[in-house]
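Hi everyone, thanks for making time for this. I'd like to walk you through one structure today, helix by helix, so please pull it up on your own screen too.

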Amino acid sequence: MNVNKIKQKITLHPIMAILIIVGIITILSGILSLFDAQATIKKINPTSFEYKTSITEVSSLISISGLKYIFTSTVSNFVAFAPLSSLIIILIGVGIMDKSGFLKTAFTLLSKKSKKNTVTFVLVFISIILGVIGDLSYIILIPLSAILFSYGKRNPSLGIIASFAGLTCGSGISFILTSVDSSLLSLTQLATNMIDPNYIIKTTSFVIIMIVAFLLLAFLITELTEKYMVYKVDKFEIEETEVEEEFSIGKKEKKGLALAIIAGLIYLLFFLYNIIPGLPFSGKLLDDSQTFYIDKLFSYNSFFSTGFVFIVTMFFIILGFFYGIGAKTIKNNRDLCEDLGHSLDGIGKILVLIFFSSILINVFKYTNIGTIIVTFLVSIIDKVSFTGLPLIILLYIIIIISTIFIPTSLTKWSIISGSVIPSLIEAGITPEFAQVIFRFGESVSLGLTPLFSYFVVYLAFLEKYNQKKQSIHLLKAIKYQLPYSIMTFLVLLTILIVWYIVGLPIGVGVYPSL
């Protein structure tokens with residue numbers, strides 16, 4: 001008991017841990033700047049197809065300019081921090097779905113006669129496949145996974161951990177071309193054309209290997225959750241005041257559910273029709289200036305993309321509202337307005353955590369330390385004379401390490417692709433397989449880095465469902481994801497090795513070797 005008390009006393013709150021990391025980054029930036037640490041980045045000019053070199057230096061935070069940056073950018077950076085506004089808006093919709101009873105009825109109906117493994121598999125399956133909508137999947141699934149497990153009389157933290165594992169470990173596994181994949185493909189194509197101007201990379205170049213990786217990961221993440229993580233997560237005890245009679249779905253609940261489904265389908269059909277090109281009066285939400293459909297859907301100029309958070313929130317509000325009308329849990333405008341704010345109760349701690357996380361990510365980007373580390377790692381490929389399998393494994397490991405410091409796919413690939421793609425082509429490896437290695441590598445370590453913007457959402461909800469006698473700290477949150485990362489590392493590495501040695505197609509008419 002004394003040992004446990006001592007451990008509790010020395011456990012760092014996530015905010016204190018973040019502040020310590022910020023302090024370390026500040027000191028490190030000063031030291032590296034003192035020694036003139038810098039990196040030369042090679043990028044390809046898309047017009048002239050020539051290499052353009054630029055020198056990136058470490059920006060010290062222990063300087064007048066560094067201090068000015070911290071004080072002048074902190075507030076604006078927090079306001080513009082992606083998880084903040086999206087989370088608040090989505091939680092409004094989640095709140096009315098939960099308070100009206102829609103989620104309780106729907107999740108009870110779905111899980112009452114289902115095995116625990118089945119529920120977890122469906123959650124992980126959806127988590128991986130929803131990568132097609134981008135980072136918003138974290139905002140939607142993490143809160144809902146906690147509620148799903150809670151109504152299933154299971155530890156909500158386990159649901160949060162499993163969904164975050166599915167989202168991060170499956171972040172680079174998509175047999176459907178996502179907007180991120182499309183942007184990466186453009187960079188891969190550009191680097192490839194430096195060697196072969198006539199080489200064309202198709203959108204179906206990754207589909208086979210991605211389907212195999214998708215199914216394997218969905219199954220193995222489920223097994224790891226149910227056979228191992230369920231015993232590693234802190235025990236969740238239901239207090240006596242929370243114990244209630246077995247929930248049963250009666251006529252009112254069924255009526256509410258039917259009304260919600262009908263209203264939700266009408267709403268969805270309206271938006272689905274408007275994102276289908278070529279039909280009469282359709283496609284109004286797309287950006288027709290783009291080539292690929294996924295870019296038409298999720299480009300910066302697409303109405304669907306810019307309004308997607310609000311579209312999803314309104315869908316949730318409609319489900320909750322019409323369920324409440326049918327089940328008579330919403331009787332007047334006062335009930336409706338109070339339900340809208342239900343999920344925002346006690347959100348203060350989450351907002352504070354997001355604030356300090358935004359500072360961490362902001363100052364780290366300012367220092368350029370991540371860019372210099374990644375550039376140094378990439379230079380190793382040029383210095384060694386590896387070919388074939390050793391080169392594939394080396395690149396895989398470099399991407400895993402790089403993702404810890406630069407989680408953003410496009411930023412990382414823009415630094416790496418210009419040097420790596422030509423090297424791999426000269427070694428007889430296809431550029432498509434190079435992009436697969438990249439996507440696989442970043443899937444391994446994305447869930448382990450606090451520099452990933454949406455890591456704070458995972459951490460915040462672990463903290464929200466944390467019971468008083470237990471402690472959720474930064475290292476524990478990372479520790480929960482470590483088994484998933486190790487498993488993903490081994491599985492995806494095995495797939496890469498088997499595909500390369502056997503020479504299996506990674507997509508339609510595309511192979512690992514040229």
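I'll go through a few single helices, then some helix pairs, and then a handful of individual residues.

One thing to keep in mind throughout: what you see is a predicted model.

Let's begin with α3, which covers residues 64-80. This helix has 17 residues, and the distance from its first C-alpha to its last is 24 Å, close to the 24 Å expected at 1.5 Å a residue. Now look along the axis. Where does α3 bend? The bend is at S73, and it amounts to about 45°. S73 is also one of the buried residues of this helix, along with G66, T74 and F78. As for what covers those buried residues, the list includes α4, residues 82-100, and α16, residues 348-367.

Next, please scroll to α18, residues 388-405. With 18 residues at 1.5 Å a residue, α18 should span 26 Å, and its end C-alpha atoms are 27 Å apart, so the two values agree. Which residues of α18 are buried? They are G388, L391, I392, L394, L395, Y396, I398, I399, I400, S402 and T403. These buried residues pack against four helices that you may want to colour separately: α17 (369-383), α19 (409-426), α20 and α22 (474-502).

Of those partners, let me pick out α20, residues 431-445. The axes of α18 and α20 are 8 Å apart, and the helices pack at an angle of about 45°. That angle is why the two are called oblique to each other. The crossing is right-handed. On the α18 side, the contact involves I392, L395, Y396, I399, I400, T403 and I404. Facing them from α20 are F433, I437, F438, F440, G441, E442, V444 and S445. If you compare that with the burial list, I392 and Y396 are among the α18 residues that are buried and also among those that meet α20.

Here is a second pair for you: α6, residues 116-129, and α10, residues 207-232. Their axes come within 9 Å and cross at roughly 135°. How are α6 and α10 placed to each other, oblique or roughly parallel? Given that crossing angle, they are oblique. The crossing of α6 and α10 is right-handed. From α6, the residues making the contact are K116, N117, T120, F121, V124, F125, I128 and I129. From α10, they are F214, L217, A218, F219, I221, T222, E223, T225 and E226.

The third pair is α7, residues 136-151, with α21. Here the packing angle is about 15°, with the axes 10 Å apart. An angle under 35 degrees counts as roughly parallel, so α7 and α21 fall into that class. This crossing, too, is right-handed. The meeting residues are Y138, I139, I142 and P143 in α7, and V457, Y458 and F461 in α21.

While we are on α21, residues 455-464, find E463 in that helix. How many residues separate E463 and P14 in sequence? They are 449 residues apart, yet their C-alpha atoms are 8.9 Å apart in space. Apart from neighbours within four places in sequence, E463 is in contact with H13, P14 and I472.

Another long-range pairing involves L319, which sits in α14, residues 308-327. L319 has 8% relative accessibility, so it counts as buried. In sequence, L319 and V94 are 225 residues apart, while C-alpha to C-alpha the separation is 9.7 Å. Setting aside residues up to four places away in sequence, L319 touches M97, F102, A260 and G264.

Finally, two residues for those of you who like backbone torsions. D36 is not a glycine, but its phi is positive, about 55°. You'll find D36 in the loop between α2 (14-34) and β1 (38-44). With a relative accessible area of 60%, D36 is exposed. K328 is not a glycine either, and has a positive phi of about 60°. Its place is the loop between α14 and α15 (333-340). Is K328 buried or exposed? At 54% relative accessibility, K328 counts as exposed.

That's my tour, so thanks for listening, and over to you.

Note on methods:
Residues numbered from 1 in each chain as written. Predicted model: local features only at pLDDT ≥ 70, side-chain atom pairs only at ≥ 80, totals over all residues. Heavy atoms only, no water. Expected span 1.5 Å × (residues − 1). Bend = angle between axes of the 7 residues up to and from the residue. Buried < 20%, exposed > 50% of the residue type's maximum accessible area, 1.4 Å probe, protein only. Contact = heavy atoms within 4.5 Å. Axes fitted to C-alpha atoms, helices over the stretch in contact; angles between N-to-C directions. Parallel < 35°, antiparallel > 145°, perpendicular 65-115°, else oblique. Left-handed = near helix turned anticlockwise from the far one by under 90°.
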